[in-house]
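Colleague: Thanks for sitting down with me over this one. Could you walk me through what is in front of us?

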Amino acid sequence: MASSSSPSLSSYSPCAACKFLRRKCQPECVFAPYFPPDQPQKFANVHKIFGASNVTKLLNELQPHQREDAVNSLAYEADMRLRDPVYGCVGVISLLQHQLRQLQLDLSCAKSELSKYQNLGGIASTNNHGLLAAPHQHNLGFNFIGGGSGGRDHNQLLYHHQFFPKDQQQEQQQQQQQIIRGLEGGSNNFDTTRGGFKI
């Protein structure tokens, strides 16, 4: 019973616009869908700033699906104009735009700082890899030449040239050749006191 009676009461209840204007609310009233009876101040503000006739003309020129957004915009602008008669909603929009620019600047600075830290982390990681790879590179200088006896002979030759200069090597080779010739020609020509051969 209560649910069936509520629509009839609401259908005969005048909208806030008609109640404010003290006129009978018709079924085809253009204000009724957007100014319900429980929101009288909404229409009062719109009427004070824009006027009922101007709002009626505006709503009649719009499509039905556009009227709700238009009424909400008018109500917001009227409320802001009453709060700030000089700037109205423009002051609020300017403030929000300023806050948006500040947030964008803060975001750009944060991205720049993050990029710097990422670059520093990449450089540190590269240096760590370089330090870890350095000992392996030194070892490869001697070990990658070859395996088996060939590699060992080459390593021995490298150590030999490192610890024995070129002049000493030539002198040792000459003495070795003299010893070989002395052994082939007989031991009489070899001078043991001097470590060489008699002339």
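Modeller: Gladly, and let's begin with Arg67. Setting aside neighbours within four places in sequence, Arg67 is in contact (heavy atoms within 4.5 Å) with Val30, Tyr34, Leu59, Asn60 and Leu62. Before we go on, this is a predicted model, where local features need pLDDT of at least 70 and side-chain atom pairs count only at pLDDT 80 or more, while totals for chains, interfaces and linings use all residues. Residues are numbered from 1 along each chain as its sequence is written, and side-chain values use heavy atoms, with hydrogens and water left out.

Colleague: Which side chain of opposite charge is nearest to Arg67?

Modeller: Arg67 sits in helix H5, residues 64-83; helices here are DSSP runs of H or I, at least four residues, numbered from the N terminus. Arg67 is buried but has no salt bridge. Buried means under 20% relative accessible area, exposed over 50% and partly exposed in between, with a 1.4 Å probe and protein chains only; a salt bridge puts a side-chain nitrogen of Lys or Arg within 4 Å of a carboxyl oxygen of Asp or Glu. At 10 Å away, the nearest side chain of opposite charge (Lys and Arg positive, Asp and Glu negative, His and the chain ends not counted) is Glu61.

Colleague: Where, then, is the salt bridge, and how far apart are the closest N and O atoms?

Modeller: The structure holds one salt bridge. Its partners, Asp79 and Arg83, both lie in H5, four residues apart, about one turn of the helix. Asp79 counts as partly exposed because its relative accessibility is 24%, and Arg83 is exposed at 63%. Between Asp79 and Arg83, the closest N and O atoms are apart by 3.3 Å.

Colleague: Which helix gives the largest share of the largest nonpolar core?

Modeller: Such a core is a set of buried Ala, Val, Leu, Ile, Met, Phe, Trp, Tyr and Cys residues joined through side-chain atoms within 4.5 Å. This one has 18 residues, and Cys15, Phe31, Phe35, Phe43, Val46, Val55 and Leu59 touch the most other members. At least two residues each come from H2 (16-21), H3 (40-49), H4 (52-61) and H5. The largest share, four residues, comes from H5.

Colleague: Within what arc do the buried residues of H4 fall?

Modeller: Those buried residues are Ala52, Val55 and Leu59. They line one face of the helix, because the directions from the helix axis to their C-beta atoms span a limited arc seen down that axis. They pack against H2, H3 and H5, while Ser53, Lys57 and Glu61 are exposed on the other side. The arc is 65 degrees.

Colleague: Is Asn45 in H3 buried or exposed?

Modeller: Asn45 is found in helix H3. Beyond four places in sequence, Asn45 touches Ala78, Asp79 and Leu82. With a relative accessibility of 12%, Asn45 counts as buried.

Colleague: Last one: in which helix is confidence lowest?

Modeller: pLDDT is the predictor's confidence in each residue, from 0 to 100; the chain's mean is 76, and 62% of its residues reach 70 or more. Over residues 1-10 pLDDT stays under 50, and the model has zero contacts there beyond four places in sequence. Confidence is highest in H3, at a mean of 95, and lowest, at 44, in helix H1.
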